[in-house]
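Please look over the sequence and the model shown here. A short report follows.

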Amino acid sequence: MPELPPFSHTPKPYTGLPFEEVMRLRQEHLTPALLTYYEKPVMLVEGKMQYLFDEKGRRYLDGFGGIVTVSCGHSHPEILAAAHDQLDTLVHATTIYPNQEVALYGKALADKMPGDLSVCYFVNSGSEANDLALLMARLHTGNYDLIALRNCYHGGSQSTMGMTAHGTWKFNTPQGFGIHHALNPDPYRGPFAGHDDPATAYANDVKELIQFATPGRIAGYIAESIQGVGGAVVFPEGYLAKTYDIVRAHGGLCIADEVQAGFGRTGSHYWGFESEGVQPDIVVMAKGIGNGFPLAAVVTTPEIAASLTSHIHFNTYGGNPLASRIGRAVIEAIDNDGLQANSAQVGSYLKDKLTGLADKHSLIGQVRGKGLMLGIDLVTDRTTKAPATAECAAVWNKAKDLGLLVGKGGLAGNVIRLKPPMCLTMEDADFMVAVLDEALTQI
């Protein structure tokens, strides 16, 4: 059986509630809409870098990073030190009072952005950030309609649920007014898979959608740089550049959703959109921005940011001193620990190893992604690409039993999602491959 690499950390003895009592209290007092992973849920009580521990002290490799949120590692020492120092100084004051922390963090984040993306607005979640980006685009352009993609995920609030195009994430409520969904530019499963020029074909669909479904002038276009919930879908090379030109020709702004792909995770670049050679007008970020702390941001140009000044717009917790200091510490840790380069090196190694498993397991239809944002598309037939939904669930559950926590996604729930903390090692990657090999063999 696969064995986890050696790790020197010893978890603290667990003295909290037993698993059964925790589950009872959840069921009695928390919303029934909450879900738990796995047929037999695992209770996590401690984390250290790329590893997690349950109440019995068992160690797991976190292959999903708390849903692509733990970027630098659980309980990263430098981030904890910065947080503790700020906790002892000032936790909350709101931005109505000047404080150095939000100013320093704004500069640190703006310094990571290309072009004139230099103005930051801090909020608490990706849904909030995407909602704000939508508001900015409509205010600045004076237009209402917006183009999103099928298979995308942009959040669970009323407006972002409308932008999201996964039926499993949408309630039967009024939503999505003015949102139009273009074909998903999926080189593997999309309608132009195998096309001589899929980038142009998918971009032309955006143009036709604007012509057919809108007044001809739009507020903007939003896309994840790599689709996350949708199953680590990477767009055809050149697609975003062609689409951005079309959107701008019709009066719209280009919004890059970097909630999952940002902060060096793709390896080759700090931001996912940079690998496509495009310059967005608005960039949305969350998850890895806070290494698990609830933090998100919208970064845009001074001109677009000025669109919000006609009325009061305020966020009570956005940019408070604690959040700002943690956010700055995350940027520092990514740089100091060389995590972007590590994502490139370990991610490339892991992807090659996973691709090699396809020679052994016919369930693997495609391995895709960039850096440490990878997906394994499981199929029951490689010709028809029929989703292997039940088999994916079996692999997902078995991996947990073997000590590896992974995600799953795609509309049919047939894609294994691998998005670990970016401090993952080569030895961890070997363990991942060995576990997935064993899980695929056993089903």
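This report covers a pocket, a core, a helix and several loop residues.

**The model and its pocket**

The structure is a predicted model. Its second largest pocket holds about 340 Å³ of space. A total of 20 residues line this pocket. Nearest its centre lie N151, N184, D186, R189 and L411. By type, the lining divides into eight nonpolar, seven polar and five charged residues.

N151 deserves a closer look. This residue sits in the loop between β5 (146-149) and α6 (158-163). Is N151 buried or exposed? Its relative accessible area is 13%, so N151 counts as buried, the limit being under 20%. Leaving out residues up to four places away in sequence, N151 touches A165, H166, N184, Q227, G230, V233 and L411. Two of these partners, N184 and L411, are also listed nearest the centre of the second largest pocket. The C-alpha atoms of N151 and A93 are separated by 39 Å. Along the chain, N151 and A93 are 58 residues apart.

**The nonpolar core**

The largest nonpolar core has 117 residues. Which residues have the most contacts inside it? They are L109, Y221, Y239, M285, L354 and L378. L378 also has a wide list of contacts beyond its neighbours within four places in sequence, including R189, L363, I364, A386, P387, C392, V395, I416 and L440. R189 is one of the residues nearest the centre of the second largest pocket. L378 thereby touches a residue of that pocket's lining.

**Helix α5**

Helix α5 runs over residues 126-141, a total of 16 residues. At 1.5 Å a residue, α5 should span 22 Å. Its end C-alpha atoms are 22 Å apart, so the expected and modelled values agree. Several residues of α5 are buried, among them G126, A129, N130, L132, M136 and R138. G142 follows α5 and has a positive phi, near 75 degrees.

**Loop residues**

Most residues other than glycine have a negative phi. T94 and A232 have positive values. T94 is not a glycine, yet its phi is about 70 degrees. A232, also a residue other than glycine, has a phi near 55 degrees. T94 lies in the loop between α3 (77-87) and α4 (100-110). A232 is in the loop between β7 (220-224) and α8 (239-249).

The table gives the accessibility of four loop residues.

| Residue | Relative accessible area | Class |
|---|---|---|
| T94 | 14% | buried |
| A232 | 0% | buried |
| T316 | 38% | partly exposed |
| I96 | 56% | exposed |

Why is I96 classed as exposed? Its relative accessible area is 56%, and exposed means over 50%. I96 is placed in the loop between α3 and α4. T94 is also in the loop between α3 and α4. From I96 to L253 the C-alpha separation is 29 Å, with their positions 157 residues apart along the chain.

T316 belongs to the loop between α9 (302-305) and α10 (321-336). What does T316 touch, not counting residues up to four places away in sequence? Its contacts are H92 and T94. The contact with T94 links the α9–α10 loop to the α3–α4 loop. T316 and G338 are 22 residues apart in sequence. In space, their C-alpha atoms are 33 Å apart.

Note on methods
Residues are numbered from 1 along each chain as its sequence is written. This is a predicted model: local features need pLDDT of at least 70, side-chain atom pairs count only at pLDDT 80 or more; totals for chains, interfaces and linings use all residues. Side-chain values use heavy atoms; hydrogens and water are left out. Helices (H or I, at least four residues) and strands (E, at least two) are DSSP runs, numbered from the N terminus. The expected span of a helix is 1.5 Å times one less than its number of residues. Buried means under 20% relative accessible area, exposed over 50%, partly exposed in between (1.4 Å probe, protein chains only). On a 1 Å grid over the protein atoms alone, a cavity is a set of points where a 1.4 Å probe fits but cannot get out, and a pocket is an open set with protein on both sides within 12 Å along at least five of seven lines; lining residues have an atom within 4 Å of a point. Grid points are joined across faces, edges and corners, and a volume is the space filled by probe spheres set on the points. Ala, Val, Leu, Ile, Met, Phe, Trp, Tyr, Cys and Pro count as nonpolar, Asp, Glu, Lys and Arg as charged, and the others, Gly among them, as polar. A nonpolar core is a set of buried Ala, Val, Leu, Ile, Met, Phe, Trp, Tyr and Cys residues joined through side-chain atoms within 4.5 Å. Contact means heavy atoms within 4.5 Å.
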